[in-house]
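Let's take a walk through this protein together, starting from an empty space inside and working outwards. Keep the sequence and the 3D view at hand as you read.

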Amino acid sequence: MPRAKRLEGSFIHRLPMGTDAAAVRQRIEAMEHLLERSLTIPGLNRKVGLDVLLDFVPGVGPSVAAAMGAYLAFEARNLGMPKRTIARMAGNIGVDWALGMIPFVGAIPDYFFRSNTRNVRLIKRYLDKHHPASRVIDQ
């Protein structure tokens, strides 16, 4: 039974499942955190995420990271964002995927081109404009 207690307090259960703008904002921020800055490199004090780590798995890793990044575009589509902005997000995901497909070396440019952070910024800009009640002051 102690395992069930740990699951109850896990991060997944704290994410809202609604379709309102505030719930979407929390989910996309959590996905961006997981993909771009969930771990700290010891000694360098630099944040990396699952996106960069998956680049070290040739072929499959960048494709999995791109699929996870596509979730952000899916949320953007559900919000009703313009198709042009969603196409821009798809371009960011594509560039990230192409850079990651370079075996082992692809993690370096992928570290600097953080497509998921760029895409979350686009979604937040849309949410701030069209759903101002969901706006959160970043620290």
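**A walk from the inside out**

The structure holds one cavity of 30 Å³ or more. Here a cavity is a set of points, on a 1 Å grid over the protein atoms alone, where a 1.4 Å probe fits but cannot get out, and lining residues have an atom within 4 Å of a point. Grid points are joined across faces, edges and corners, and a volume is the space filled by probe spheres set on the points. By that reckoning, the largest cavity encloses about 60 Å³ of space. The elements α5, α6 and α8 each give two or more residues to the lining of the largest cavity, and α5 gives the most, with four residues. Around the largest cavity you will find Asp-51, Asp-55, Pro-62, Ala-65, Ala-66, Gly-69, Ile-93, Asp-96, Trp-97, Asp-110, Ser-115 and Asn-116. By class, this lining has five nonpolar, three polar and four charged residues. In this scheme Ala, Val, Leu, Ile, Met, Phe, Trp, Tyr, Cys and Pro count as nonpolar, Asp, Glu, Lys and Arg as charged, and the others, Gly among them, as polar.

Before going further, a word on what you are looking at. This is a predicted model, in which local features need pLDDT of at least 70 and side-chain atom pairs count only at pLDDT 80 or more, while totals for chains, interfaces and linings use all residues. Residues are numbered from 1 along each chain as its sequence is written, and side-chain values use heavy atoms, with hydrogens and water left out.

Now for the overall plan. The chain has eight helices and two strands, where helices (H or I, at least four residues) and strands (E, at least two) are DSSP runs numbered from the N terminus. Along the sequence they follow the pattern α-α-α-β-β-α-α-α-α-α. Of the 139 residues in the chain, 37% are buried; buried means under 20% relative accessible area, exposed over 50% and partly exposed in between, with a 1.4 Å probe and protein chains only. Among the contacts with a separation of 6 or more, 58% join residues 24 or more positions apart, contact meaning heavy atoms within 4.5 Å.

Helix α3 is a good one to trace by eye. Why should α3 span 22 Å? The expected span of a helix is 1.5 Å times one less than its number of residues, so the 16 residues of α3 (residues 21–36) should cover 22 Å, and the end C-alpha atoms are indeed 22 Å apart. The buried residues of α3 include Val-24, Arg-25, Ile-28, Met-31 and Leu-35.

Ile-28 also leads us to the core. The largest nonpolar core has 19 residues, and Ile-28, Leu-72, Ala-76, Leu-79, Met-81, Met-89 and Ile-123 have the most contacts inside it. At least two residues of this core come from each of α3, α5 (60–79), α6 and α8. A nonpolar core is a set of buried Ala, Val, Leu, Ile, Met, Phe, Trp, Tyr and Cys residues joined through side-chain atoms within 4.5 Å. Leaving aside neighbours within four places in sequence, Leu-72 is in contact with Ile-28, Met-31, Met-89, Asn-116, Asn-119, Val-120 and Ile-123.

Met-81 takes us on to a pocket. Met-81 helps line the second largest pocket, together with Pro-82, Thr-85, Arg-88, Leu-122, Arg-125, Tyr-126, Lys-129 and His-130. A pocket is an open set of points with protein on both sides within 12 Å along at least five of seven lines, and this one has a volume of about 160 Å³. Helix α8 gives the most to its lining, with five residues.

Finally, a few single residues deserve a look. Ala-107 lies in helix α7 (residues 107–112) and is buried, with a relative accessible area of 4%. Not counting residues up to four places away in sequence, Ala-107 touches Val-52, Asp-55 and Phe-56. Asn-45, in the loop between β1 (39–41) and β2 (46–48), counts as exposed at 67% relative accessibility. Asn-45 has a positive phi of about 60° although it is not a glycine. Phe-104, in the loop between α6 and α7, also has a positive phi of about 60°.
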